[in-house]
Amino acid sequence: MDIYIYKNCKHFFKDFSENIILIAEPLKRISLENFLYHRFNSSKKPIRIIILDQVTDPQNVGAIIRSAFAFKMDGLALSQRNSPLESASMSKASSGAIEIL
């Protein structure tokens, strides 16, 4: 992942009061099939995942992600329909665990 950090670039970012901005790539989603394939081939231990269906509140999903990280789960799967996209509120509720899990 490429991360670019610009600091004190007032001529680029005139509207930001702190003069610091971080530009990063969006999170990459992979299919459950690809996740399982790569985990089966790279590890002999059992795979522990959480599968959510029709959980629509991003803060609830964020809290589940935070708990999944605390319990050392390997992944979390959301249904393609009736699930929220990654958002700032989900990231905040997950306390940053969304970046790791």
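What share of the contacts between residues at least 6 apart in sequence joins residues at least 24 apart? I looked this up first: 59% of them do, where contact means heavy atoms within 4.5 Å.

**Ground rules**

I note that this is a predicted model, where local features need pLDDT of at least 70 and side-chain atom pairs count only at pLDDT 80 or more, while totals for chains, interfaces and linings use all residues. Residues are numbered from 1 along each chain as its sequence is written, and side-chain values use heavy atoms, with hydrogens and water left out.

**Confidence**

I checked pLDDT, the predictor's confidence in each residue on a scale from 0 to 100. The protein has a mean of 80, and 78% of its residues reach 70 or more. Confidence is lowest in strand β1 (residues 4-7), with a mean of 61. It is highest in α2, at 93.

**Layout**

I counted three helices and four strands. Helices (H or I, at least four residues) and strands (E, at least two) are DSSP runs, numbered from the N terminus. Read from that end, the order is β-β-α-β-α-β-α.

Next I looked at the surface. The protein exposes about 8,100 Å², and 55% of that comes from carbon and sulfur atoms. Areas are from the Shrake-Rupley method with a 1.4 Å probe; for residues, only the protein chains shown count as cover. Of the 101 residues, 21% count as buried. Buried means under 20% relative accessible area, exposed means over 50%, and partly exposed is in between (1.4 Å probe, protein chains only).

**Helix α2**

I went to α2 next, residues 58-70. Its 13 residues should span 18 Å at 1.5 Å a residue, and the end C-alpha atoms are indeed 18 Å apart. The expected span is 1.5 Å times one less than the number of residues.

Which residues of α2 are buried? I found V61, G62, I65 and A68. Looking down the helix axis, I see the buried residues fall within an arc of 120°, so they line one face of α2. The arc is that of the directions from the helix axis to the C-beta atoms. Their cover includes β3 (49-52), β4 and α3.

**Core**

The largest nonpolar core has six residues: L52, V61, I65, M90, A97 and I98. Such a core is a set of buried Ala, Val, Leu, Ile, Met, Phe, Trp, Tyr and Cys residues joined through side-chain atoms within 4.5 Å.

I followed I65 outwards. Not counting residues up to four places away in sequence, I65 touches L76, M90, S94, A97, I98 and L101.

I98 is in the segment after α3 and is buried, at 9% relative accessible area. With the same sequence neighbours left out, I98 touches L27, I65, E86, M90 and S91. I also noted that I98 and F69, 29 residues apart in sequence, have C-alpha atoms 8.6 Å apart.

**L101**

L101 also sits in the segment after α3. Buried or partly exposed? L101 counts as partly exposed, because its relative accessibility is 29%. Beyond four places in sequence, L101 touches I65, A68, F69, M73, D74, G75 and L76. For L101 and G75, 26 residues apart in sequence, the C-alpha to C-alpha distance is 5.8 Å.

**S79 and Q54**

S79 is in the loop between β4 (75-78) and α3 (88-93). I have S79 down as buried because its relative accessibility is 18%. Leaving aside neighbours within four places in sequence, S79 is in contact with L52, D53 and Q54.

Q54 lies in the loop between β3 and α2. Its relative accessible area is 53%, so Q54 is exposed. With neighbours within four places set aside, Q54 is in contact with S79 and N82. I also logged Q54 and R81: 27 residues apart along the chain, with C-alpha atoms separated by 7.5 Å.

**Positive phi**

Most residues other than glycine have a negative phi. I wrote down two with a positive value.

K72 comes just after α2, in the loop between α2 and β4. K72 has a positive phi of about 55° although it is not a glycine. K72 is exposed, at 61% relative accessible area.

N82 is in the loop between β4 and α3. N82 is not a glycine either, and its phi is positive at about 60°. N82 is partly exposed, with a relative accessible area of 45%.
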